[in-house]
Amino acid sequence: MTILFLLLSVWIPAQTATRPGETLSVSLDELLNSLLMDSTPSPQDEAPPTSPQPRPFFEHINATDHLAIQLGDPVVFHCRVNNLTDMTTVSWLRRSGSRLTLLSVGLEVYASDGRFSVGLVRPNDWQLRLTAASRHDEGLYECQVSSHPPLVHTVRLTVIVPELEILDERGLPIRTKFYNAGSTIELKCVTSQTPQPNQLLIWRHGSKTLNYDTNRGGISVKTDLEETGTKSRLFIANALPSDSGNYTCSLTDVAVTDVLVHVLNGETPAAMQHGENSASRICSTLAVILVTAFSMQTSIPI
C-alpha cells in the first residue's frame, strides 16, 4: 500500500504537467488495476501447505509389560514402534533405581554382558534378547524412542526359580523310603513355580541316568505336562538290594531334589534300626571291657 501511494504521488504531478489539449495515455483506474494485479501473488508462487510429521507411537497397550521367565531360559523383550523417521532411534536401557545402564542403540549393542543382543523383526519390533536368565537379571528394562518428547516403554522382568518335590505312591512327600525286595519302586517328582511346563526332568540313581537306561530292564519313566507344572513318575520293577541308594530328580541345571531308598531283603525298617542299635550297644560294651581290662592291668603291682 505504501508503494502504491508513492507511485500515485509521482504520477499525478507528471500528468498535470502535460500541455493543454493532450489526452492522458493512462487513466487512474487503469493504473490502480495494474498495480493491484502485480501485487497479487499467483497460485503457482504460493508455498504448498506443510502437513505435520506423524509422531512415533508404541503398539503396546500398557505403559509397562510384565514378563515372567523360568531361571535359565532365554528372554526376548519386545518394543513395537510405528512412524519412526531417519531422525529417531530406538534404545534399550536397564533401570536400577535412579540409575540407567545403556544396553543398545539401534542395532548396536553397548552392554558389557555378552548374553545381550538386539534385532529388528520387520516391520517394527525392536527386540532385546538375553540368553540364560539369572536371578540378577530381574528388574526394569526400558525401550526409549528419541522423539520430542521422548517415548518410553517399560518391561518388568521376573525370574522364577522352579521347586521340585519327590512323593511316594500315595502322593506324600518323602526324604527316605523303604521297599521290600521284589516289589516295585514308585517315585513321583512334581514341579511348581514354572511359567511353562518343562519335560526335562531327569532321574538319576547315584551318577547313573535312569530316563534312558536299558541295561537293567524293568525301569520306566512317564512324564505328564499339567497346567500347574510337570509330573514325572519313576518305576523300577522287581527291586533288588542293589537298587538302594540316593535317587535325584532334576530340572536341567536349574533345580534338584533327592530321596534315599532302602531295599530290604526280608527285613523290616524297625528290624534294621534295631540291628543298628544292637550293633551300637555291642561296640559300646566292647569298648567298656577293653578300657576296664587296661585299667586293671596298669593297677597290678610288679
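In the predicted model, R170 is exposed, with a relative accessible area of 60%, and the side chain of R170 meets that of D168 in a salt bridge with an N to O distance of 3.1 Å. The partner residue lies at the opposite end of the accessibility classes, since D168 has a relative accessible area of 2% and is buried, a value under the 20% limit that this class requires. D168 also forms a salt bridge with K177, in which the closest N and O atoms are 3.8 Å apart. This separation still qualifies because a salt bridge is counted when the nitrogen and the carboxyl oxygen lie within 4 Å. K177, with a relative accessibility of 12%, counts as buried. Through salt bridges that share partners, D168, E169, R170 and K177 are joined into one network.

A further salt bridge is found between the side chains of R95 and E142, for which the N to O distance is 2.6 Å. This pair links distant parts of the chain, as R95 belongs to strand β5 (residues 90-96) and E142 to strand β10 (residues 139-145), the two residues being 47 residues apart. With a relative accessibility of 27%, R95 counts as partly exposed, because this value falls between the limits of 20% for buried and 50% for exposed residues. E142, in turn, counts as buried, with a relative accessibility of 7%.

Taken as a whole, the structure holds 11 salt bridges, among them the R95 and E142 pair, the R170 and D168 pair and the pair formed by D168 and K177.

Terms used: Residues are numbered from 1 along each chain as its sequence is written. This is a predicted model: local features need pLDDT of at least 70, side-chain atom pairs count only at pLDDT 80 or more; totals for chains, interfaces and linings use all residues. Side-chain values use heavy atoms; hydrogens and water are left out. Helices (H or I, at least four residues) and strands (E, at least two) are DSSP runs, numbered from the N terminus. Buried means under 20% relative accessible area, exposed over 50%, partly exposed in between (1.4 Å probe, protein chains only).
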